[in-house]
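This briefing covers side-chain contacts and surface charge in one protein chain. The topics are salt bridges, aromatic pairs and a charged patch.

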Amino acid sequence: MSNLTQSNTWKTLEEHYGEISESHMRDMFAEDPQRFEKFSLKLNDILFDYSKNIIDSKTMEQLYQLANDCDMGRWIQRMFDGEPINQTEHRAVLHTALRNKSGEAVMVDGEDVMPAVLAVQQRVKKLAEAIRTRSWRGYYNQPITDVVNIGIGGSNLGPLMVTEALRPYSLHDLNIHYVSNIDENHINDTLEKLNPGTTFFIIASKSFTTQDTMVNAETARQWHINAAGDDRNIDKHFCAVSSNVKAAVEFGIDENNVFQMWDWVGGRYSLWSAISLPIVIAIGQENFDELLRGAYEADVHFKNAPLNKNIPVTMAMLGIWYNNFFGAQATAVLPYDQHLHKFPAYMQQADMESNGKSVDRQGQVVDYSTGPVLFGEIGISGQHAFFQLLHQGTKLVPADILAPVSNIKCIARHHRALMSNVFAQAEALMKGRTEEEAYAELVAAGMDEGEIKALLPNKIFTGNRPTSTFLFNSLSPATLGSLIALYEHKIFVQGIIWNINSFDQWGVELGKKLASGILQELDDNEPTLSHDSSTNGLINYYKELRLKNKGESA
C-alpha cells in the first residue's frame, strides 16, 4: 500500500466521504445561504465558483490538509526555483520563466536564463512584425498572405488554440493555417488554396526529426521548389522553431530564422516559447505580451496565495476528491465561448499526457487512480450531444464551465440567450428534478394518470452533479493567459498529490518506435510475418489492397 493511501488525512477523507456522499447539494444550499461566498475565489476579473460541488467546509479543510501533507508549498517553490523536478529526464520545469514579468533572474544550473528568453522573444517579435507589416517578401517580391505552422502535439495544439481563442485580436487579411496530421489530406487540403509565392512556413519541432512534422515539412518544401523552380529562396519562406539548428540549416533554413527551444520546457507547455511565433504573427506582440502578463499574474497567485485561497490548488483538490473518493473516471471542460472551441482539446493533451501515469516518482506501480479521462466541447453544442449522460447517466462526470460576461460585439439577444444556458445547465446539474416536481409538471401539461405513470420515471433527474464555473469579463489576451496557467498549475498540483512526474511522457515513445520499424516493412510487397497474427494480418491486407489499387504514389 502506498504512503498516500495510508496517510491519516487520506483515511480521514475516506471516512468523510462516507458521511457526505449521500448528501444532496440542494440541501446544502438550503442550509447555508452563504455557500456561494464561502466557496468562490477571484483572480482579477476571473470568478471561480466551486460552490456547486459535493463538499462542505470540512471537505475542503481536509483536502487542503492533504495538499499540505504532500509538502505542496515546497514543491511549488522548487518548480519556480528551477530545480530538476522532472527527475526521469533530469530537467527543470520552467515554462513559467517564459512569462516572467518580475525582472528577476530565473536560475537553471547556476545560469540566469532570462537574458536568452528575452532575446528569443525579441527575435520572434522582429520576424512577426516583418510579416504583419508586409515588409517580409516572398521569392517574387510579394508580401506574405498565409502562414502555415507545421507541428504536432504542443507545437500545434497550443498555438492553434490561442490563435482561435484570440481571433478578434488578429489581422483578418493574414491567414494562419495549422498542419499536424501526417495524413496527406491535411497538408494537401491546406496547400491547394495557397499561393507559393505568398506563403510562409513555420517548422516547429524541437528535435527536427519528428516523423509527423518532417514528412509534412518535406512536402511543403517540395511544393515550394516546384513553384519557385529551385531551392534558393527557401530562407524567404521557411523558418524553424527547434533546438537542432544544424538539421534546420541542412533543410535549407537560414540560421537566423531558427528560434531556440529549451529542454526545460515541455512541448505541451511550450506555447509561451518561440512556438508562439504564429500567435505573435496573428495578434501582434502587444497582445502576446498581455497573454504573458495574464499567465504571469496566475503564476504569482499560485506561488503566493495560501492553499485555501489558491485557485489551482482548489481546482486540483476537487479533482482528487472526485477521482479518488467518488471514483469518477472522467471530467469535462465546457467553454461557452465559440472562440474557445479548441480549449478542451488543448486541455486534454495538457492533462492526460501529464498525469496519465501509473508509476510513481520512486518507480513503483501506484495502487490508486491517477489522471482522469478529460473531454469537452463548446457548451451549447455539448448540450445537444453528451449532456444527456451528464444529467441522467450512471457515471458521475464533474465539469468545468467557462463563460464570458461580455463579447467583442456582445449582441444582447445572442449573449443573454447564451448566458441563460450557462446558469441553467449548472443549476440543473446541481438541483435535478424530484419526482414531485416532475409529477406536477406533467399534471400541468394536462396528462392523465396513465400517461403520467408511464413517463414519470424518465422525467426525474437526480441532480447532485458537480460543476465549477469560471466567469470572466471577456476573453481578452490577459484573461486567456490566466486561464491557461491556472489549469497548468492544477495539473501540477494533482501530480504532486499522486506522487507522479507530470512532465515526462514516455508512454508516447513505444508507438513511435514501432512505427519506425513498420514503415520499413511497408516499403516492399513481401508478406510481413514478424508481428502478432493481428498486426501481420492488418499489414498484409493493407499491402494486398495497395497492390490492387495501384493508386498510392511514392
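The model is predicted, and 22 salt bridges are counted in it. The count of aromatic pairs comes to 24. Selected pairs are described below with their location and burial.

**Salt bridges between distant parts of the chain**

- Asp299 and Arg99 form a salt bridge through their side chains, with an N to O distance of 2.8 Å.
- Asp299 belongs to helix α14 (residues 285–304) and Arg99 to the loop between α6 (72–80) and β3 (107–108), so this salt bridge ties together parts that are 200 residues apart in sequence.
- Asp299 is buried, because its relative accessible area of 3% falls under the 20% cut-off.
- Arg99 is also buried, with a relative accessible area of 0%.
- A salt bridge of 3.0 Å, N to O, joins the side chains of Arg268 and Glu353.
- This pair links distant parts of the chain, 85 residues apart: Arg268 sits in the loop between β9 (258–259) and α13 (277–283), and Glu353 in helix α16 (residues 343–355).
- Arg268 has 2% relative accessibility and therefore counts as buried, whereas Glu353 is partly exposed at 22%.

**A salt bridge within one helix, and a network**

- The side chains of Glu290 and Arg293 meet in a salt bridge with an N to O distance of 2.5 Å.
- Both residues lie in helix α14, and because they are 3 residues apart there, about one helical turn separates Glu290 from Arg293.
- Glu290 is partly exposed, with a relative accessible area of 28%, and Arg293 is partly exposed with 30%.
- Arg74, Arg78 and Glu83 are joined into one network by salt bridges that share partners.
- Side chains of opposite charge can pair when their charged atoms come close.

**Aromatic pairs**

- Among the 24 aromatic pairs is that of Phe201 and Phe238, whose ring centres are 4.8 Å apart and whose planes are at 20°, so the pair is stacked.
- Phe201 is in strand β7 (residues 199–204) and Phe238 in strand β8 (residues 238–241), so the stacked pair ties together parts that are 37 residues apart in sequence.
- Phe201 counts as buried at 1% relative accessibility, and Phe238 is buried with a relative accessible area of 0%.
- The ring centres of Phe470 and Tyr487 lie 5.8 Å apart with the planes at 45°, so this pair is tilted.
- Phe470 comes from strand β13 (residues 467–472) and Tyr487 from helix α22 (residues 477–497), so the tilted pair ties together parts that are 17 residues apart in sequence.
- Phe470 counts as buried at 0% relative accessibility, and Tyr487 is buried with a relative accessible area of 2%.
- Trp10, Tyr17, Trp321, Tyr322, Phe325 and Phe326 are linked into a cluster by ring pairs.

**Surface charge**

- A patch of negative charge on the surface gathers Asp183, Glu184, Asp189 and Glu192.
- One of these residues, Glu184, lies in helix α9, which covers residues 184–191.
- Glu184 is exposed, because its relative accessible area of 53% is over the 50% cut-off.

Technical notes. Residues numbered from 1 in each chain as written. Predicted model: local features only at pLDDT ≥ 70, side-chain atom pairs only at ≥ 80, totals over all residues. Heavy atoms only, no water. Patch = residues over 30% accessible without salt bridge, like charges linked within 9 Å, V, L, I, M, F, W, Y side chains within 5 Å. Areas by Shrake-Rupley, 256 points an atom, 1.4 Å probe, with all protein chains shown as cover. Salt bridge = Lys/Arg side-chain N within 4 Å of Asp/Glu carboxyl O. Lys, Arg positive; Asp, Glu negative; His and termini not counted. Charge placed at Lys NZ, Arg CZ, Asp CG, Glu CD. Helix = DSSP H or I, 4+ residues; strand = E, 2+ residues; numbered from the N terminus. Buried < 20%, exposed > 50% of the residue type's maximum accessible area, 1.4 Å probe, protein only. Phe/Tyr/Trp six-rings, centres within 6.5 Å; stacked < 30°, edge-to-face > 60°.
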